[in-house]
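Notebook open, ring contacts on the list for today. I'll start with charges over rings and then go through the aromatic pairs.

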Amino acid sequence: MTKLKSLGIKELARAPSSTKDKRISIEIHTDNYITINKRPMPVFFSNLESPAVISATVTFETDQDCQGQEVEINYQAAVIYEVTMMTMFHSKMKVPHNMQRKRWTMDDLVHPSPGTVAAGKYTKTVTATIDPLWPSSGSTASSIDGTGWVHYTFEAKFVKMTMGAFSPILATLPFQVWVVNSILPSDFSLTVPRPLTVQAPGKKPDLPISLTIPNQTFQFNEQMPLTVRVESFRKGCKKFGQNIVVLSAGFTVREKVNGWTRTGAGVDSEFFTDVSQIAIRDGWPQNTLGGWTRTVSVTLPTWPEINASMKSKAMDISHSVLFIMKYKAENDNDIKSQEVIVEVPFQLVVPRHNIQAQDQGDLLPIYSAADAQALQQRLVGDDPALPEYARKE
């Protein structure tokens, strides 16, 4: 594998493979890059009005006439969920949901004779349009119950006919392109907010508590105002008429993943990750007989800590915010304290990207070829492997 130190920016945007006399590579055409796992990766921004179009050029070179039929180029947009099945043997099952698959072949290969390709350099440029309703690239947190990805990948193969089927002679590994897709309309800020209030679980809780969010759709890195309403102890319970003492309270932003394993029994896998936890130690009203209301504003995470909400045939990602409070009645000791959890679901979406607003912290930091070159110098001595080119098995 080529050392990063010797690579130019175009080489950072290639998925090469070679033998002694044959070479094949993919180049993605873009001026924008982001850092994924400490490596530069081409990024494409898409929205309802301007769907992204990814352009990729495949180059095949052979120094001498060689056996082979064609160069095959494959593109895939897919949601993939992988789960470890607990059977007699530990086995991993991958469940892909292909949103789009495309295949091209090079038209200009010269064949001196059947099954032979003439020496030379051959290129083909292909394009793929991103549907604005598809999910953005991402990966869920690893879990014993499974993990998932949203991948947009290109790969190329030089193949020959063997025993009635095509066999690859030379092939690139899947080349991943990072897609940031916003489903928001251009006038999203003008839409009417839809508040949502959720009560504490239980038919008749001793202490009625509710959590309200001002809208049911939020964006990465947005401020979310959370309004907590605590009423007095319910009439008829033993604590009625006593003051409420808050011992601790805070908020949690949760990401839940449902992976569909498609087993014979139709069992699905579910796990959640508490992406951020915010403990609010001060400011909670104490000794208030009539209850109280407090609004706290928290900042939602952004990628890579969290993914956008989505649904697919392989994996669903949903989000919620939790209010967790530990309290007691004024005449009780701490041993008799109780904890209540109120969970409110919401939709998390990718904001509309404005490349001109990078200095305002818009979405994800992107950088140009010059910036990527500077990053490349800092990576010298690090793992020399190219970014994200390894196939996950």
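I looked up R294 and found it over the face of W284, at 4.5 Å from the ring centre. My cut-off for a charge over a ring: NZ of Lys or CZ of Arg within 6 Å of the ring centre and within 35 degrees of the ring normal. R254 does likewise with F272, lying over its face at 3.8 Å from the ring centre.

Note to self on the source: this is a predicted model, with local features needing pLDDT of at least 70, side-chain atom pairs counting only at pLDDT 80 or more, and totals for chains, interfaces and linings using all residues. Numbering runs from 1 along each chain as its sequence is written, and side-chain values use heavy atoms, with hydrogens and water left out.

Next, aromatic pairs: I get 11 in the structure. Rings of Phe, Tyr and Trp (its six-membered ring) pair if their centres lie within 6.5 Å; planes under 30 degrees apart are stacked, over 60 edge-to-face, the rest tilted.

I pulled up F251 and F323, a tilted pair at 5.2 Å centre to centre with 40 degrees between the planes. This pair links distant parts of the chain, 72 residues apart: F251 is in strand β20 (residues 244–260) and F323 in strand β23 (residues 315–329). Strands here are DSSP runs (E, at least two residues), numbered from the N terminus.

Why do I log F251 as buried? Its relative accessibility is 1%, and buried means under 20% relative accessible area (1.4 Å probe, protein chains only). F323 counts as buried too, because its value is 0%.

W284 and W292 are also a tilted pair, 5.7 Å centre to centre and 50 degrees between the planes. I have both W284 and W292 down as buried. Last entry: F251, W284, W292 and F323 form one aromatic cluster.

Definitions and conventions:
Helix = DSSP H or I, 4+ residues; strand = E, 2+ residues; numbered from the N terminus. Buried < 20%, exposed > 50% of the residue type's maximum accessible area, 1.4 Å probe, protein only.
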